[in-house]
Amino acid sequence: MAEAYSEAELIGGQRLTDKDVQAIAALMQHLAGNKSLPAKSLEQLRWHYEMVLAQGAYWVVVRDSGGTIVSMAIMTPHLLAEYVGKRFATVNDVSTLRAHEGRGLGKRVMRKLFQVAREKKFDHVDWTSSKTGAQAFYEGSTMQGWGVQRRHTRTYRWTPGGT
Ligand SMILES: CC(C)(COP(=O)(O)OP(=O)(O)OC[C@H]1O[C@@H](n2cnc3c(N)ncnc32)[C@H](O)[C@@H]1OP(=O)(O)O)[C@@H](O)C(=O)NCCC(=O)NCCS
């Protein structure tokens with residue numbers, strides 16, 4: 001029988017359980033791929049979580065039938081743009097645990113973020129992706145039906161190797 005998953009929900013406003021913090025750490029490790037992340041205590045991870053929410057971010061998760069977070073994404077509004085009357089946000093940290101990939105959870109999370117963006121009257125939501133698998137995810141027919149378009153922009157990066 002197919003595993004049951006929760007609806008996509010916003011988290012925030014409550015202290016995360018240790019189980020939630022551990023699940024988020026696993027999702028961040030999945031995002032990082034083979035690169036090993038620095039070891040952090042649960043309290044350090046919780047501090048990061050609280051800082052992200054303090055920036056006004058919308059953090060959406062889906063849980064498995066045991067209540068474990070297995071998919072997530074974060075949408076962060078550009079707060080200073082509101083000062084000049086613009087409302088937009090960026091999406092980061094879209095991740096579904098490997099064992100739960102391909103079951104529509106990433107789409108469920110993104111759908112919820114777009115609903116929030118509509119409610120908050122954002123003019124647009126932007127993100128970048130350099131990973132081929134994720135690009136296929138964003139460029140699928142469902143996402144297109146939801147209004148996602150691929151844009152041709154340049155990404156610039158500074159690294160400390162310069163002079
Ligand atoms: C990309 C990612 C978030 C997708 O999550 P998911 O829960 O597996 O996605 P879904 O099951 O909702 O997939 C939805 C659609 O994307 C497609 N898709 C997802 N991953 C794909 C892949 N690797 N290659 C091709 N298509 C893919 C599915 O076929 C499906 O298409 P459909 O709408 O036409 O049916 C997940 O694979 C992941 O965490 N990847 C590693 C981290 C990452 O790259 N994150 C994105 C950073 S920008």
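**Exercise 1. Sort the shell around the ligand by class.**
By class, the shell has six nonpolar, twelve polar and four charged residues. The classes work like this: Ala, Val, Leu, Ile, Met, Phe, Trp, Tyr, Cys and Pro count as nonpolar, Asp, Glu, Lys and Arg as charged, and the others, Gly among them, as polar.

Two notes before going on. This is a predicted model: local features need pLDDT of at least 70, side-chain atom pairs count only at pLDDT 80 or more, and totals for chains, interfaces and linings use all residues. Residues are numbered from 1 along each chain as its sequence is written.

**Exercise 2. Find which residues and elements form that shell.**
Step 1. Count the residues: 22 surround the ligand, and the closest are Thr 96, Glu 101, Gly 106, Gly 133 and Ala 136. Elements giving two or more residues are α1 (18-32), β4, α4, α5 (132-138) and α6 (141-145). To be near the ligand, a residue needs its C-beta atom, placed from the backbone, within 6 Å of it.
Step 2. Pick the top contributor: α5 gives the most, with four residues.

**Exercise 3. Write down the fold pattern.**
Step 1. Count elements: the protein chain has six helices and five strands. Both are DSSP runs, numbered from the N terminus: helices are H or I with at least four residues, strands are E with at least two.
Step 2. Read along the sequence: β-α-α-β-β-α-β-α-β-α-α.

**Exercise 4. Check the length of helix α2.**
Step 1. Take the rule: the expected span is 1.5 Å times one less than the number of residues.
Step 2. Apply it: the 13 residues of α2 (residues 42-54) should span 18 Å.
Step 3. Compare: the end C-alpha atoms are 18 Å apart, which agrees.
Step 4. Look just past the helix: Gly 56 has a positive phi of about 85 degrees.

**Exercise 5. Examine two residues with unusual phi.**
Step 1. Recall the background: most residues other than glycine have a negative phi.
Step 2. Take Asp 93, in strand β4 (residues 88-96). Its phi is positive, near 55 degrees. Asp 93 counts as partly exposed because it has 17 C-beta neighbours inside 10 Å.
Step 3. Take Lys 121, in the loop between α4 (105-119) and β5 (124-126). Its phi is positive too, about 60 degrees. Lys 121 is exposed, with 7 other C-beta atoms within 10 Å. The cut-offs, for C-beta atoms placed from the backbone, are 20 or more others within 10 Å for buried, 12 or fewer for exposed, and in between for partly exposed.
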